[in-house]
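Here is a short briefing to keep beside you as you look through this structure. Turn the view around as you read, and pick out each residue when its turn comes.

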Amino acid sequence: MSAKPEWADKDYYADLGVSSSADQSEIKRAYRKLARENHPDTHPDDPAAADRFKRVAEAYDVLSDASERKEYDQFKAMLRNGGGFGRNGGAGFPGGFRSTNMGGQGAQDFDLSDLFGGATGGSSQGGGFGDIFGSVFNRSGSAGHSAKPSRGADVETEITLDFREAAKGTTIPLALSGNAPCTTCHGSGSSSGKTSTCGTCNGSGYTSENRGAFGFSAPCKDCDGTGRRIPDPCSDCNGTGTVHRTRNITVRIPAGVIDGQKVRIAGQGEAGPNGTPAGDLFVAVTVKPDKVFTRDGDDIHITVPVSFAELALGDTITVPTLDSPVRVKIPAGTPDGRTLRVRGRGIAKRAGKAGDLLVSVQVTVPSKLDAAASSALRTYAQAEKDSGFNPRAGWAGAESN
């Protein structure tokens with residue numbers, strides 16, 4: 001994977017609040033803490049928190065991957081030493097050239113070819129600076145070999161979940177088509193499973209060449225930048241170690257996933273060439289609306305129809321949850337529209353706790369009453385007036401009458 005120019009403006013260690021020497025456990029703890037604190041569900045109307053959450057996720061994606069972290073560290077070190085891109089668009093000394101015999105001084109090596117995944121045009125085919133710097137921006141440059149990728153390609157797919165599946169988490173089967181390890185050579189690319197060090201580049205993956213005042217490095221053409229030679233390429237995969245096929249996997253979607261979220265499954269992308277690590281799988285989730293529940297962070301909300309008598313006299317009603325139904329007590333004199341809270345019956349959090357169930361009561365008026373009910377209601381209405389109750393007492397609109 002090539003280093004990215006946008007890394008020049010990023011400080012992933014600062015975004016996670018860890019030192020550059022932090023180990024993977026420290027990085028993971030910092031990410032989990034900051035992700036919880038800035039999650040969009042917790043701060044739905046806070047753009048600053050959403051931006052922090054995005055930066056934290058981006059930092060963790062890079063620093064949690066050993067190879068990407070190494071490239072990032074090398075890239076930042078090169079920039080601190082004066083390499084990279086100048087303010088006027090000029091190039092420093094990244095990826096594959098060195099000054100030689102300048103001012104009577106010895107050679108100054110800036111061979112960072114592995115950082116950028118290899119520059120093109122490193123032999124007699126010419127190409128000059130455009131070829132070398134083109135690789136930094138992932139442009140093709142002129143003809144030439146480029147190093148093989150150090151890992152497989154990432155894969156993205158989409159799924160649609162019911163509200164309750166997303167809230168509680170679920171396991172889903174997926175069929176993915178792409179590069180998978182060759183079963184004949186077990187991903188090595190060799191029929192015997194044996195490889196040897198490339199004699200041309202002595203296993204470095206790069207060859208060097210002097211051109212006047214500069215020395216250039218380019219991926220070795222004999223081993224395609226891998227540093228290894230395969231004496232007996234597998235006939236089924238032609239020595240690549242991968243074949244295109246459809247594979248079936250089962251993916252666990254964690255509880256509480258939100259609409260539009262991408263779930264990263266490490267190592268489930270396409271297989272890398274010749275036994276190198278696989279890429280990652282990103283699952284984009286669409287959550288269908290529910291007829292009963294809506295979501296507010298880790299809380300779930302439900303509106304329950306009730307009668308006037310249940311609110312006025314008080315009662316206990318049964319309401320659904322994500323699991324089994326629960327009994328909810330309505331206190332006497334509860335106003336229409338009031339929200340009652342049931343602790344711990346919302347969406348489970350990673351820390352082990354769960355959000356709450358919010359139950360809003362809404363009066364439903366009968367469209368028809370029989371003679372007995374009508375008579376009883378009229379008697380109640382008169383008693384209500386006699387007691388001095390006025391439903392519009394204190395109402396601002398009453399002043400205009």
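The points below take up an annotated site, two loop residues, a strand with two partners and an open sheet.

This is a predicted model. A good place to begin is the set of four cysteines that UniProt, in an unreviewed entry, marks as "binding site": C182, C185, C234 and C237. These cysteines spread over 56 residues of sequence, yet they cluster in space, with a largest C-alpha distance of 9.0 Å.

**The annotated cysteines**

- C182 sits in the loop that runs between β3 (170-181) and β4 (196-197).
- With a relative accessibility of 3%, C182 falls under the 20% limit and therefore counts as buried.
- Apart from neighbours within four places in sequence, the contacts of C182 are G187, C234, D236, C237, G241, T242 and V243. Two of the annotated cysteines, C234 and C237, are thus among the residues that C182 contacts.
- C237 belongs to another part of the chain, the loop between β7 (228-229) and β8 (242-253).
- C237 is buried too, because its relative accessible area of 4% is under 20%.
- Once residues up to four places away in sequence are set aside, C237 touches C182, C185, G189, T242 and V243.
- T242 and V243 appear in the contacts of C182, and T242 and V243 also appear in those of C237.

**Two loop residues with positive phi**

- Most residues other than glycine have a negative phi.
- H186 has a phi near 60 degrees, a positive value although the residue is not glycine.
- You will find H186 in the loop between β3 and β4, and H186 is exposed, with a relative accessible area of 70%.
- N238 likewise has a positive phi, near 60 degrees, and is not a glycine.
- The loop between β7 and β8 holds N238, which is exposed at a relative accessible area of 65%.

**Strand β10 and its partners**

- Strand β10 (residues 281-287) has six buried residues out of seven, so the rest of the structure largely encloses this strand.
- Strand β2 (residues 155-161) pairs with β10 in the parallel sense, over seven bridges.
- Strand β9 (residues 262-265) pairs with β10 in the antiparallel sense, over four bridges.
- Which residues stand opposite F282 in β10? E156 is one of them, and R264 is another.

**The open sheet and S360**

- Four strands make up an open sheet with mixed pairing, in the order β11-β12-β16-β15.
- At the edges are β11 (294-296) and β15 (339-342), each of which pairs on one side only.
- On average, and ignoring direction, neighbouring strands of this sheet are turned by 35 degrees against each other.
- Three bridges join β11 to strand β12 (residues 299-306) in the antiparallel sense. T294 has H301 in β12 as its bridge partner.
- S360 lies in strand β16 (residues 357-363).
- Is S360 buried or exposed? S360 is buried, because its relative accessibility of 8% is under 20%.
- The side chains of S360 and H301 make a polar contact at 2.7 Å.
- Beyond its neighbours within four places in sequence, S360 is in contact with H301, I302, T303, V304, R338 and T339.
- H301 is worth a second look: H301 is the bridge partner of T294, and its side chain makes the polar contact with the side chain of S360.

Methods. Residues are numbered from 1 along each chain as its sequence is written. This is a predicted model: local features need pLDDT of at least 70, side-chain atom pairs count only at pLDDT 80 or more; totals for chains, interfaces and linings use all residues. Side-chain values use heavy atoms; hydrogens and water are left out. UniProt positions are given in the numbering used here, feature names are shortened, and annotations may be inferred rather than shown by experiment. Helices (H or I, at least four residues) and strands (E, at least two) are DSSP runs, numbered from the N terminus. Buried means under 20% relative accessible area, exposed over 50%, partly exposed in between (1.4 Å probe, protein chains only). Contact means heavy atoms within 4.5 Å. A polar contact is a pair of N or O atoms within 3.5 Å; within protein, one must be able to donate a hydrogen and the other to accept it, and residues adjacent in sequence count only if both atoms are side-chain atoms. Two strands pair if DSSP finds at least two bridges between them. Axes are lines fitted to C-alpha atoms, for helices over the stretch in contact, and angles run from 0 to 180 degrees between N-to-C directions.
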